[in-house]
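Visitor: I would like to take a close look at a single part of this protein, and I would be glad of a careful, connected explanation.

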Amino acid sequence: MRRSRTILALTGTAILATGTAVLLPLAAQAAASVACDETALVTAVNAANAAGGGTVTLTPGCTYTLTASHGNDGVNGPAGLPIITTPITFEGNANVITRAATASAFRIAQVGSTGGITLKAVTLSGGHAATTGHNDGGGILNYGAVTLTGSTLSDNAADGIGGALYSTGTPSAATFTSSTVKSNTAHQAGGIANNRGTLTLTSTVVNTNAATVNPGGIYYVAGAATLKTSTVTANTATNCTGSPSPVPGCVG
């Protein structure tokens with residue numbers, strides 16, 4: 001009996017067995033980047049939510065400018081991005097997601113209790129939480145998980161608490177690594193507010209944030225807060241003094 005021959009092609013894997021050819025690619029193609037415009041970004045976030053989570057790969061160097069809000073749970077006021085209800089990673093490369101200067105007030109993102117937002121090399125800026133009674137978290141309002149790696153929250157504003165971030169509730173967690181929180185403003189806690197959640201800062205800088213009522217840097221209520229090789233400086237009215245619970249490792 002004549003044996004079947006197997007041929008391995010170096011440019012791909014081709015298997016010839018009993019006259020049948022099967023082509024297997026050497027590697028899966030890299031995920032396509034989201035086009036550099038608002039509609040494409042919103043569509044990608046909606047698709048990731050519908051899929052139960054995923055990665056949104058941003059076009060390198062692109063600034064995504066949001067001209068309108070695309071998320072609102074009917075309680076907490078508008079958000080620029082669709083509300084994050086699943087774990088979504090924004091894979092960036094010197095990217096900015098910002099609210100247009102001429103747009104009505106809205107925060108950049110809201111994370112639901114079942115959701116998570118991970119930012120890699122992404123800056124969120126220009127968010128403004130201004131809805132009366134629901135004006136916390138100018139950059140991000142978090143009920144789930146927020147993770148920043150090599151990323152920045154800057155120039156966001158909240159008429160309430162937490163100019164850059166307001167993280168609240170026992171399931172909530174905010175983790176910053178090699179990141180920056182700067183130049184945000186609020187009535188209280190221009191930088192970060194953590195209310196009964198878990199806050200972890202590693203090799204992160206919180207500076208030049210401003211609040212009308214202290215602290216200007218980090219506001220912390222119960223839960224857990226850990227600062228590792230991180231600095232909280234040059235915030236006004238104070239860095240952490242006046243926080244309902246002391247912030248370990250934060251002075252002034």
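Visitor: At 3% relative accessibility, does Cys62 count as buried or exposed, and why?

Guide: This is a predicted model, and in it Cys62 counts as buried, because its relative accessibility is 3% and the term applies to residues under 20%. Its bonded partner, Cys36, has a relative accessibility of 44%, so Cys36 counts as partly exposed. These two residues form a disulfide in which the sulfur atoms lie 1.9 Å apart; in general terms, a disulfide is a covalent bond between the sulfur atoms of two cysteines. The torsion about the S-S bond of Cys36 and Cys62 is about 90°, and the disulfide is therefore right-handed. The pair links distant parts of the chain, since Cys36 sits in the loop between β2 (20–24) and α1 (38–50), while Cys62 sits in the loop between β3 (54–57) and β4 (63–66), with 26 residues separating the two cysteines.

To place this bond in its setting, it helps to know that the structure holds two disulfides. The other pair is Cys240 and Cys250, whose sulfur atoms are 1.9 Å apart, and here both cysteines are buried. The torsion about the S-S bond of Cys240 and Cys250 is about 90°, so this disulfide is right-handed. Cys240 and Cys250 are ten residues apart, and each lies in the segment after β23 (231–233). When the bonded cysteines are counted along the chain, the disulfides follow the pattern 1-2, 3-4.

Methods. Residues are numbered from 1 along each chain as its sequence is written. This is a predicted model: local features need pLDDT of at least 70, side-chain atom pairs count only at pLDDT 80 or more; totals for chains, interfaces and linings use all residues. Side-chain values use heavy atoms; hydrogens and water are left out. A disulfide is a pair of cysteine sulfur atoms within 2.5 Å. Helices (H or I, at least four residues) and strands (E, at least two) are DSSP runs, numbered from the N terminus. Buried means under 20% relative accessible area, exposed over 50%, partly exposed in between (1.4 Å probe, protein chains only).
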